[in-house]
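I have a new structure open and want to get my bearings in it. These are my notes, in the order I looked things up.

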Amino acid sequence: MEFLCYHRDRPASLPLRYELGEEHWSYMDQYAKEMIARGPTLADDGETPTGSVHILGLPDRAAARAFAFDEPNYQAGVYRDVLLRRWRNALGRTMWDFPGGRTGGNRYLVLGFGTGQAADLTLPPARDELIAYGPMLSDDGTAWLGTAALVRAPDQETAGTILTPGRYADVEVHNWQFGGRPS
């Protein structure tokens, strides 16, 4: 099963985030083989972290909850909340397989929170710019709750157009970058 986990930072928690850096990386190292995509969301300055995205394959919901809530930054209070959803990897690849590479261009996390009939279940035409893409699902995987994508785009507005207008109760677009343990 695949899951999307988005930890959103609590205001003024940046010093604590930096203090816990090695604990965070050691924890994430345990899940390296399960990762489909990962990386921080960033403020408009392009440098200050505002959250942390992890998309990974895990055996079940209990394992996903353990991943999300045992994470050292969560335990210490860095994060204000957690979005944890079943997810389906419509691209069938990891971010490391993205033909556009790790750098170059602007990258975004796009979250469309669904309402009504499912939308965007098939890949959009701009698939060459998709790093990760798929529906967010209910715990049992039967109900569509929205769509989550990591996309390369010229700007936030363009990134948001990856989703069908008018089919979502809310759409969030966050600056995002490829993640992983710093070298």
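**Entry 1: aromatic rings**

I began with Trp176 and Phe178, and both turn out to be buried. This is a predicted model, so I keep in mind that what I read here comes from a prediction. Next I looked up how many aromatic pairs the structure holds, and the count is 6. Trp176 and Phe178 make up one such pair, with 5.3 Å from centre to centre. The angle between their planes is 45°, and the pair goes down in my notes as tilted. I also found a cluster of aromatic residues, made of Tyr27, Tyr31 and Phe67.

**Entry 2: His54**

Phe67 came up again when I turned to His54, a residue of strand 3. Is His54 buried or exposed? Its relative accessibility is 2%, and because buried means under 20%, His54 counts as buried. I then listed what His54 touches, leaving out neighbours within four places in sequence. Phe67 is on that list, together with Phe3, Leu4, Cys5, His24, Met28, Met35, Ala37 and Arg38.

**Entry 3: strand 7 and its partners**

I moved on to strand 7, which covers residues 144–153. Of its 10 residues, 8 are buried, so the strand is largely enclosed by the rest of the structure.

Which way does strand 5 (residues 106–114) run relative to strand 7? The two are antiparallel, and 8 bridges join them. To find my place along this pairing I use Tyr108, which stands opposite Val151 of strand 7.

Strand 6, residues 130–137, also pairs with strand 7 in the antiparallel sense, here over 7 bridges. My marker for this pairing is Pro135, which sits opposite Thr147 in strand 7. Strand 6 and strand 7 form a hairpin with 6 residues between the strands. In that hairpin I noted Gly141, which takes a positive phi near 80°.

**Entry 4: positive phi outside glycine**

After Gly141 I looked up residues other than glycine with a positive phi. Ala12 has one, at about 65°. I located Ala12 in the loop between strand 1 (2–9) and helix 1. With 78% relative accessibility, Ala12 counts as exposed.

Asp120 also has a positive phi, near 55°, and is not a glycine either. Its place is the loop between strand 5 and strand 6. Asp120 is buried, with a relative accessible area of 15%.

**Entry 5: the largest pocket**

Last, I went looking for empty space. Rolling a probe the size of a water molecule over the atoms shows where such space is left. The largest pocket has a volume of about 440 Å³. What lies nearest its centre? I wrote down Arg17, Trp25, Pro40, Gly180 and Pro182, out of 22 residues in the lining.

I then sorted the lining by element. Helix 1 (14–19), helix 2 (21–29), strand 2 (35–42) and strand 3 (49–57) each give at least two residues. Strand 2 supplies the largest share, with 4 residues. By residue type, the lining splits into 10 polar, 7 nonpolar and 5 charged.

Strand 3 ties two of my entries together: His54 has its place there, and the strand also helps to line the largest pocket.

Note on methods
Residues numbered from 1 in each chain as written. Predicted model: local features only at pLDDT ≥ 70, side-chain atom pairs only at ≥ 80, totals over all residues. Heavy atoms only, no water. Buried < 20%, exposed > 50% of the residue type's maximum accessible area, 1.4 Å probe, protein only. Pairing = 2+ DSSP bridges. 1 Å grid on protein atoms, 1.4 Å probe; cavity = no way out; pocket = protein on both sides within 12 Å on 5 of 7 lines; lining within 4 Å. Points joined across faces, edges and corners; volume = space filled by probe spheres on them. Nonpolar A, V, L, I, M, F, W, Y, C, P; charged D, E, K, R; others polar. Phe/Tyr/Trp six-rings, centres within 6.5 Å; stacked < 30°, edge-to-face > 60°. Contact = heavy atoms within 4.5 Å.
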